[in-house]
Every structure is written in structure tokens, then in C-alpha cells.
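Visitor: I would like to learn how to read the place where two parts of a protein chain meet. Could you take me through it step by step?

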Amino acid sequence: MTIIVAIDGPAGSGKSSVAKAVAAAVGYGILDTGSAYRALAHRMRELGRDLDSAASALQTLAELELRLPLTSGEPLIAAGADVTAAIREPQISALVSRVSKHHAVRQQLNQIFRERVTTSGLPGVVIEGRDITTVVFPDADVRLILTASAEVRAARRQRELPGLSLEQVRADLAARDAKDLLVVNFLDPAPGVQLVDTTDLDFAGSVAAVIAAISQQTAVN
């Protein structure tokens, strides 16, 4: 049986990089759910379709033949093409929210995520993204929220985006936090979800803290 590790967290918490490092360290697969929304936005842009139309997004998703990677070096295939690099372009990042806002699209992709993980045949898979611990995999073996103080998250994100000032990054994170708070409070985890605060930890320490949480929860379960 595949052990499922679900990792959620606010913007700038480092969940993507930490999740990848944790998966590599423990020998699990890694699923970046955000890449699926990027692939959908990329294909709709390529076809000239209306990203604000739920019907158009669902039609494109049905035609997408999405193959999500679970291991390092495995390509992301959409509509028969390797779009691993293309979906990371800035213009695609700006379009993602226009497809992810469609509830029906999220439902369809959540089912794709579940099927991809449960049929993977891997000993375990780390899944990171939004709503992973509460909506996508509420029954995951391990459910974690990775967080840090707003100041630390801003500093980490600014190092990833050297073209932006710290003030710009702070403002962006504050806006995203306010939007997130309308639907989820990352400082008040749902029952069964463990909070991992990395404010005072470096990257290696954050990875170690998550691995320790996985060991603890899988031992209990």
C-alpha cells in the first residue's frame, strides 16, 4: 500500500522545495499538484480558449491526456507533448488562477491526483499544493501544514525572486494571506493535521522536521 504524505501551507512557506527534498530523502515519489493547473492553462492559451469559462476549461482538461510525473527527471506530458519547462514560464504563472478558480475543474483534477497516487505502485508519495490535507487527501497517512512567520516567508521568497524588492514580496504575501484566510487558517490546522513551524529552521532543518513528523505519524498509524 502506498503511504500518502500530504503537505499544505501558505505562500512562501517553502513547501515545494521541502517536499521534493523529503521525498528524495525517504525514497517516495513527489506530486506537485500545481503543475496540473499550469499544464491546463498552458494548453488553453495554446488553443486560444477562454480561461474564464468553466465549460471551456473542462473540455480542454478532458482532451489533455495529462501524465503527471512522480519521480525526479520524469517529464510532465500534456496533449502528447513534454511541457515540463513551458509551464514554468512567467506568462503561464499569471494565468493559473483563471483556471484554478473553477470548482468543477478542481474536482476533476483532484480525482486525477487521487488515481495517480493510489495506482502508482510506489512505497509512498509526497503530495504538495493547496487544500491537500483537507480536500484532496483528507485521509492521507500523514497530513502536515508547513508554515513560518510572515517575515521569514517574505525573506525566503525574495531570495527566489531577486528582481523584486523585499517590500514588494511582503505586500504580495500579505495579499495572498488575506485571500487564503477567507477559506483556510493555516495557523489553526484541521483535526489530525500537524503544524510544522520552520520559522527558526534552515532548509536542512525544515526537511529534517518534516521527516521526523512522517516517522512519528506513520509509526502511530
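Guide: Let us begin with a single pair: the side chains of Asp131 and Arg106 meet in a salt bridge, with 3.4 Å from N to O, where the term stands for a side-chain nitrogen of Lys or Arg within 4 Å of a carboxyl oxygen of Asp or Glu. This is a predicted model, in which local features need pLDDT of at least 70 and side-chain atom pairs count only at pLDDT 80 or more, while totals for chains, interfaces and linings use all residues. Residues are numbered from 1 along each chain as its sequence is written, and side-chain values use heavy atoms, with hydrogens and water left out.

Visitor: Which domains does the assignment give?

Guide: Domain bounds come from an automatic or database domain assignment, and here domain 1 covers 1-28 + 123-214, whereas domain 2 covers 32-121. Their centres, taken over C-alpha atoms, are 21 Å apart.

Visitor: How many salt bridges are counted between domain 1 and domain 2?

Guide: The count is 1 salt bridge.

Visitor: How many residues of each domain are in contact?

Guide: Contact means heavy atoms within 4.5 Å, and by that rule 13 residues of domain 1 touch 10 residues of domain 2.

Visitor: What is the area buried between the two domains?

Guide: Buried area is the accessible area (1.4 Å probe) that two parts lose on being put together, summed over both. Between domain 1 and domain 2 it is about 950 Å², and carbon and sulfur atoms give 56% of that area.
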